[in-house]
Amino acid sequence: MTREAPTDDIDEARLETGKPKGYAAGIPGVAVSLVRGVEQMGAGRTVRTLRLLNQREGFDCPGCAWPEPREADGEHRKLAEFCENGAKAVAEEATKRRVGREFFATHSVEELNTRTDFWLGQQGRLTEPFVLREGATHYEPISWDDAFTLVADKLRELHDPNEAVFYTSGRTSNEAAFLYQLLVRSYGTNNLPDCSNMCHESSGAALSAAIGIGKGSVTLADVHHADLIVVVGQNPGTNHPRMLSALETAKGHGAKVIAVNPLPEAGLMRFKNPQNVRGMIGKGTALADEFAQIRLGGDLALFQAIGHLLLAWEEEAPGSIVDHAFVTDTTTGFDDYAKHLREIDWADVETATGLEREQIERIARMIATSERTIYCWAMGLTQHKHAVPTISEVTNLALLRGMIGKPGAGLCPVRGHSNVQGDRTMGVWEKMPDAFMDALDAEFGIHVPREHGWDVVDSIRAMRDGRGKVFFAMGGNFAAATPDSERTEQALRSCALTVQVSTKLNRSHVVPGKTALILPTLGRTERDVQAVGEQFVTVEDSMSQVHMSRGRLAPADKELRSEVAIICGVAEKLLGTGHAVPWRDFVGDYDLIRDRISRVVPGCEDYNRRVREPDGFVLPHPPRDSRQFTGTSTGKGNFTVSELEFPQVPAGRLLLQTMRSHDQYNTTIYGLSDRYRGVENARRVVLVNPDDLAALDVADGSMVDLVSEWNDGDRRAPRFRVVAYPTARGCAAAYFPEANALVPLDSVAEKSNTPVSKAIVIRLEPALA
C-alpha cells in the first residue's frame with residue numbers, strides 16, 4: 001500500500017541541513033515570532049493581540065496547555081506570557097487571509113487534495129458555511145439553517161444513533177465540550193472519540209489504575225521548587241516551550257534535570273530565555289544535568305532497572321531509599337513489585353535502552369537522593385505498545401519514594417493541546433462513568449445511554465466497515481492526525497456525511513464523505529457576542545487549573561458562529577425545540593451552561609463565581625491534595641507488576657518515531673524551518689544515525705521510500721530525503737502527518753488503544769519515483 005505524496009507546492013529540493021542547535025529560544029525565537037505575526041496579522045494587530053495572550057484579561061493560548069503562574073502561589077505572570085509557537089498559533093488564527101466562496105469556486109476538491117497540508121493551512125480563515133453535495137466537484141455556500149437541517153436529516157436517517165461518530169479536538173472550550181457531549185448523548189450514543197485517544201490515553205489508563213485519577217499530581221509551583229525533574233519522551237523546546245522557563249526557575253533554585261530521549265533536543269540542553277539579559281546576549285541556562293539517549297521503546301526497561309537498583313540499595317541500608325511510612329499507610333502491592341524486580345536481566349536492559357549500566361546507576365542515584373522529584377513525560381512514552389506498563393513503572397518509582405502529595409514532587413503528564421484535559425473533564429469520553437451519566441439524567445430530565453462508545457481507532461474501523469455512516473468533528477484535523485492515512489481517508493470517504501467545524505482549511509475538508517459540510521467557527525482570539533452581551537469561555541490547563549478566556553479581536557467574518565451556537569443549532573434541528581435541554585437559552589448566555597456544569601461535573605461546584613477569580617480555580621485531586629487514593633479499586637495507591645517488553649527489530653530495519661517539526665503544532669504546519677534540528681525548507685525527511693546509514697549502505701542526502709512492515713502487509717511513504725542525524729542507534733525519525741501513513745491501524749497500545757506512532761518497524765528502499 002502506497003501513500004502518494006501531495007503535489008510539490010513545497011520544493012523539497014531546497015532542503016538545507018546544518019548542525020543541530022545546542023540551545024532553544026533566544027533572539028531567533030523573538031525574531032521569528034514577530035516576523036510570523038506581521039506576515040499574517042500586520043504590525044499593529046500583532047502588538048494588540050500578543051499582549052493579551054495568556055493574560056487574565058485576554059485569551060488562552062490556542063496552542064499548548066502549559067499553565068500560567070498563580071497569585072495564590074506567590075507568582076506573577078510576565079508581560080509576555082507566551083512562547084514562539086504560541087505566537088505562531090495566534091498568527092495563524094488571527095490572520096487577515098480569507099477562504100471564501102471565490103476560493104472554492106476556483107479550486108475543486110480533487111485539486112485541493114493534491115496540495116500539501118502546509119499550503120492548505122496558509123490559505124486563511126473560513127468565512128461562511130459550505131457544502132459539497134453528493135457527486136459535486138466543488139464546495140458551494142449554504143445557509144446556517146440549511147446546514148443544520150442537513151445534519152439533522154442525515155442523523156435521523158440512520159437506523160441506530162451508534163452509526164454516527166462525534167469527534168472532538170482539544171481546542172474546544174469547556175462550555176462547548178459540555179454541550180457537545182450532552183447533544184451526542186441526548187441523540188443516543190457514546191461515540192465520542194477525541195484527540196486524547198491518540199496522545200495521553202495511555203497516561204490516563206495507567207494513572208487511573210495506580211492513583212485513582214488520570215491527571216497529573218503537580219502544580220507549576222511544584223515544578224519551580226523540585227530538587228529533581230525527570231523529563232522523558234518529550235521535546236518541550238518545540239511542543240510546550242514555556243516549560244523551559246519553569247525548568248530555568250527550578251534550576252535557579254538548585255534543581256537537577258534528567259533528560260531521557262532518543263534525540264538530543266536543543267530545548268533540554270540549554271535555554272536562552274528571551275525575557276532576560278542572560279538569555280538574550282549571554283549563554284543562557286544549561287538544563288539537562290544528565291542526558292540519557294535511549295532507544296525507542298526502551299523506557300520500560302530503564303525504569304525497571306532503576307527500581308531494581310533502588311530496592312537493592314534499600315536492602316543494603318534499610319530505610320535509606322523507600323518511604324516506608326507512605327508505602328505502608330497509603331499503598332498496596334509493594335511486596336509483589338519488589339519481588340518481581342529483585343532479579344533483572346541487565347543484558348536485556350542494555351539491549352532495550354542502548355544505555356550503559358554506569359549511566360543508569362548514576363540516574364538511579366540522583367533519584368535515590370532527591371527529596372522532591374517530579375516525573376514529566378509526553379508522547380514519547382504514551383505512543384508505544386507497552387505505554388501503559390511504562391507509565392505504571394514511572395508511577396511505581398514515585399510511590400516507592402513517597403513522591404505524590406508532597407510539595408515539589410509528583411507526576412506530570414504534559415498534555416499538548418490547549419484544552420484537551422478540560423474536554424475530558426466535561427464528559428468528552430466514550431467511557432464516562434455511570435455516576436456522570438446519572439448526574440446528566442438528573443439535571444436535565446433525560447436518559448442517556450450507558451453502553452461505551454468508539455474511540456478514534458474503533459471509529460476508523462467502524463467507518464471503514466460501513467458501521468459508521470456520519471462523521472461530525474468539533475474542531476481538529478482528523479484525516480491528518482490519525483494513523484494509517486490511506487485507510488482513514490477511505491473510511492471518511494465511505495461516510496454518507498462528514499461535518500467539520502473549523503476555523504481554517506485543512507486535510508479533513510478535502511477527504512469528504514459523499515456529502516460534506518464545513519461549518520466555520522469563531523477562534524479563541526475573537527469576540528463572542530450573544531443575546532445578553534459579550535461572552536467568555538473557560539479552559540483547563542494540564543495541571544487542572546480552570547480559568548477564563550475572552551477573545552478580543554473582531555471576528556474574521558460576520559457569518560462565523562461560536563462553537564456553542566453551532567452545537568445548539570444542530571441540537572434544536574435534531575431534537576426539536578421541545579427537548580428537555582434549553583439549547584437556545586444556552587446560546588444567549590454562557591453563564592447558564594456553567595450553572596449546569598456546576599451541578600453535573602465533580603469539582604465544578606459554584607463554577608460561575610470561582611472561575612471569575614483572578615486565576616480561576618484548581619480542580620480537586622485527592623492524591624495531590626491529601627494523599628488519598630479513593631479512586632482506585634483498592635482505595636490505595638497501587639504498585640504495578642509488569643513484564644519487561646521492548647520492540648524487537650529485524651536485521652536491516654530501523655525503528656521509526658513520528659514527531660513534530662519546530663515549525664508546526666499538531667497537524668498545523670506554520671512553516672518549513674526546524675531550526676533546532678538544522679533542517680530547513682523541507683518536511684519529507686527521515687533522520688537516521690550516521691552509523692546506521694553506513695551499515696545499511698544508504699547515503700546521506702539520498703532519496704528513499706519509507707516502508708513499514710506489519711502483519712497485514714507493507715505501507716509505503718514515498719520520496720523522503722535521508723538526513724544523517726545524531727539519533728539513538730537503530731532509531732529513525734520523520735515528521736507527522738507525512739509519516740502517519742506508515743502507522744498501522746491495528747498497531748495500538750495495550751489497554752489504551754492508542755496508535756503506536758513511536759515504534760514503527762521500517763526499511764529504507766531507493767525511491768521509486
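**Two pockets and their linings**

By class, the lining of the second largest pocket has 21 nonpolar, 12 polar and 7 charged residues. The model is a predicted one, and this pocket holds about 750 Å³ of space. Several secondary-structure elements contribute to its wall: β2 (24-25), α1 (27-41), α2 (43-50), α10 (220-224) and α12 (242-252) each give two or more residues to the lining. Among these elements, α12 gives the most, with 5 residues. The lining has 40 residues in total, and those that lie nearest the centre of the pocket are Ala80, Phe82, Cys83, Pro274 and Gln275.

The largest pocket can be read in the same order. Its volume is about 1,000 Å³, and its lining consists of 36 residues. Sorted by class, the lining of this largest pocket comprises 17 nonpolar, 13 polar and 6 charged residues.

Which elements each supply at least two residues of the lining of the largest pocket? They are four helices: α9 (201-211), α22 (420-425), α23 (434-444) and α31 (622-626). Of the elements, α9 provides the largest share of this lining, 5 residues. Nearest the centre of the largest pocket lie Ser208, Ile213, Gly214, Lys215 and Trp429. Of these central residues, Ser208 falls within the range of α9 (201-211).

Note on methods:
Residues numbered from 1 in each chain as written. Predicted model: local features only at pLDDT ≥ 70, side-chain atom pairs only at ≥ 80, totals over all residues. Heavy atoms only, no water. 1 Å grid on protein atoms, 1.4 Å probe; cavity = no way out; pocket = protein on both sides within 12 Å on 5 of 7 lines; lining within 4 Å. Points joined across faces, edges and corners; volume = space filled by probe spheres on them. Nonpolar A, V, L, I, M, F, W, Y, C, P; charged D, E, K, R; others polar.
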